[in-house]
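Subject: Structure handover

Hello,

Here is the structure I promised to pass on. Please open it first, then read the notes underneath.

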Amino acid sequence: MADIIKLLPDHVANQIAAGEVVQRPASVVKELLENAIDAGASSIKLIVKDGGKILIQVVDDGVGMSGTDARLSFERHATSKIQSAEDLFNLHTKGFRGEALASIAAIAHVDLTTRPENEEVGTALKIEGSKVISQEVAVSPKGTSFAVKNLFFNIPARRNFLKSDTVELRHITDEFQRVALAHPAIAFHYYNNGSELFGLPKTNYKQRIVHVFGSRTNEKLVPVQEDTQVVRISGFIGKPEFAKKSRGEQFFFVNDRFIKSPYLHHAVLSAFEGLIKQGTYPAYFIYLEVDPASIDINIHPTKTEVKFNDEHTLYAILRSTVKHSLGQFNVAPVLDFEQDQNLETPYEYRNKEGVLPKVTVDQAFNPFSHTEQKPTFRPNFQRQDIEGWENLYVGLESKVGKGADFSSVSFESETITGNLFPKYGEQAESTTTTFQLKRKYIVTTIKSGMVVIDQSRAHQRVLYEKFLKNITVKGAISQQLLFPLTLSLSKTDMAIFDEIKESLGTIGFAFGVTDTEHLEIKGLPLLIPGSEAEIVLDELIAAHNEHPDGNNFSQTDRLSKTLCKCLSVKTGDILDVNSQLALVNDLFACKEPKLSPFNKPIYITITGEDIDNKFK
Ligand code: ADP
Ligand code: MG
């Protein structure tokens with residue numbers, strides 16, 4: 001057989017290797033920022049155009065490079081940071097592979113100007129797709145400027161693969177924040193299309209966090225601190241009452257390098273156990289300092305994982321440190337097992353402030369009545385039809401007492417499925433029509449037997465179809481709030497909010513003045529009570545953050561899904577008979593009553609025959 005193996009030409013090999021390091025504009029940002037830090041910069045500027053697709057420029061005031069070094073820096077495996085493999089175990093720099101610049105130069109147009117402090121003139125170098133176009137002597141300030149233009153200009157497939165400018169910009173911002181949070185002693189400025197997104201002066205760790213995430217962050221944080229032989233821990237954790245649905249504000253740094261560690265994340269979460277609502281996440285900014293020899297960062301260049309020698313010990317220390325600080329700063333309530341659970345303020349209400357009178361009042365909430373009954377903060381099904389809707393359940397009872405026809409009660413389900421519940425009007429008087437099983441299912445009878453309905457999925461379906469309809473029809477009904485709510489969001493969340501603001505408007509949200517950190521809500525969709533507004537928005541932002549792309553339909557669909565998940569009754573919620581009935585009616589008025597919006601079955605039927613068979 002003829003020989004078939006060939007060596008790839010250099011430029012192809014370079015492009016392939018580049019793919020390892022540079023996946024998107026944010027990867028370039030990370031590499032350039034890290035190089036600037038390794039160069040000892042005290043001030044770093046990041047300039048971005050069109051989500052980094054057109055331009056990514058990093059300007060530093062670090063040590064700069066000689067003309068020869070400038071040229072050499074673009075060679076693969078050219079690095080000033082390690083000399084032997086042993087050095088890998090004593091790393092004090094971000095970079096060490098000598099690959100980043102070679103990779104970037106292979107797939108972009110790069111302009112470099114640099115000057116070391118002790119030289120009078122600097123160097124300007126132009127490279128396009130690994131080819132040096134020009135190298136000249138140039139006047140330049142001390143330090144280095146890398147401008148990376150037209151990323152992936154020579155690999156159209158990769159370029160097409162990039163997401164929208166907004167999404168790419170978000171990735172860049174993530175990288176920027178990680179680096180900025182790890183280096184508060186360095187000043188950072190970050191511009192996108194000419195406007196400054198972040199201007200961060202030199203400061204301490206806490207102030208850096210506050211500058212990045214907004215002034216309200218200050219009051220939300222408590223310090224963590226521990227010094228052991230294995231690790232030195234410092235940083236801040238968010239107070240439990242500020243735990244959020246989104247996982248955005250969680251940062252571990254090991255020796256000033258941002259890392260991801262599901263294992264350590266678990267350690268922190270477990271320290272918060274019992275203090276935060278399920279499905280919410282506390283913020284944390286935790287800085288670990290360990291002996292460089294005890295970790296291995298020699299993994300994939302774009303990965304953020306680190307291998308620790310003694311992960312178990314680290315886990316235990318971290319967990320107890322976080323616990324300790326929660327206790328010390330009196331954030332963790334004193335445990336009192338005698339306390340009546342029902343008198344506890346629900347978590348949703350802890351972080352409410354201002355105590356302005358609320359429009360939504362849960363009048364059914366009486367801590368001294370039934371020991372079991374928990375206040376229900378879910379939206380009530382029939383609100384639209386009832387005057388004084390806050391009185392929903394109470395109102396209903398009296399209507400029922402007067403023998404009200406239920407068809408007038410179930411809102412928006414104009415047509416009641418007559419076939420399935422033929423005698424449902426008459427049966428309404430008897431409480432046997434529906435009952436709740438295990439606070440999870442609603443059981444009701446039909447001609448042929450009985451139906452067991454998953455209450456949460458059923459309500460999700462009902463709400464989902466309502467929201468979908470509202471969004472598509474436009475002009476959704478909005479309830480004006482008597483007292484507008486002001487929420488404060490981090491800059492990142494605010495940016496995400498901007499992306500969904502318009503769609504939110506179409507479903508009935510009305511916003512007042514917003515600035516970089518605050519958001520005024522003047523109106524809410526009819527189905528969302530004011531008390532839930534913050535949680536709902538938080539959830540919407542988190543959901544959009546996870547799947548930012550998509551066409552209009554999928555956006556609408558996701559909005560509706562998020563809302564219905566947030567607002568539906570849950571397993572464990574007690575529903576009175578009227579609500580059970582209303583839910584059943586609403587469900588069977590839906591277009592697709594069988595499946596939840598998340599494609600789970602909503603109900604099962606058990607026929608008389610099935611039951612007969614059981615008795616055989
Ligand atoms: P690494 O950072 O792994 O060493 P890079 O390809 O990122 O590899 O950079 C190659 C070399 O170029 C670095 O080792 C450093 O000597 C030099 N260099 C890169 N960026 C800068 C900078 N901003 N200032 C000074 N020197 C730099
Ligand atoms: Mg580097």
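**Helix H9 and its cover**

In H9, the buried residues are Leu264, His265, Ala267, Val268, Ser270 and Ala271. Keep in mind that this is a predicted model. What lies over the buried residues of H9? The cover includes E11, strand E13 (284-289), strand E15 (307-308) and helix H10 (311-328).

**The chain as a whole**

The protein chain has 616 residues, and 48% of them count as buried. Its secondary structure comes to 19 helices and 22 strands. Look at the contacts in the protein chain with a separation of 6 or more: residues 24 or more positions apart account for 70% of them. The chain exposes about 30600 Å². Carbon and sulfur atoms supply 53% of that area.

**The second largest pocket**

H9 turns up again here. The second largest pocket has a volume of about 1400 Å³. Its lining holds 46 residues. Which of them lie nearest the centre of the pocket? They are His171, Asp174, Arg178, Phe258 and Lys260.

Several elements each supply at least two residues of this lining. The helices are H2 (25-38), H5 (156-161), H6 (165-182), H9 (262-271), H15 (491-506) and H16 (533-546). The strands are E11 (250-254) and E12 (257-259). H6 gives the most, with 7 residues. E11 therefore deserves a second look on screen: it helps line this pocket, and it is also part of the cover over the buried residues of H9.

By residue class, the pocket lining divides into 15 nonpolar, 14 polar and 17 charged.

**Enclosed space**

Rolling a probe the size of a water molecule over the atoms shows where empty space is left. The count comes to 4 cavities of 30 Å³ or more. The second largest cavity has a volume of about 50 Å³. Its lining is made of Ile500, Leu540, Ala543, His544, Gln555, Arg558, Leu559 and Thr562. Two or more of these residues come from H16, and two or more from helix H17 (552-567). Which element provides the largest share of this lining? H17 does, with 4 residues. The lining of this cavity divides into 4 nonpolar, 3 polar and 1 charged.

H16 links the two sites: it supplies at least two residues to the pocket lining and two or more to the cavity lining.

Best wishes

Definitions and conventions:
Residues numbered from 1 in each chain as written. Chains lettered and ligands numbered in written order. Predicted model: local features only at pLDDT ≥ 70, side-chain atom pairs only at ≥ 80, totals over all residues. Heavy atoms only, no water. 1 Å grid on protein atoms, 1.4 Å probe; cavity = no way out; pocket = protein on both sides within 12 Å on 5 of 7 lines; lining within 4 Å. Points joined across faces, edges and corners; volume = space filled by probe spheres on them. Nonpolar A, V, L, I, M, F, W, Y, C, P; charged D, E, K, R; others polar. Buried < 20%, exposed > 50% of the residue type's maximum accessible area, 1.4 Å probe, protein only. Contact = heavy atoms within 4.5 Å. Areas by Shrake-Rupley, 256 points an atom, 1.4 Å probe, with all protein chains shown as cover.
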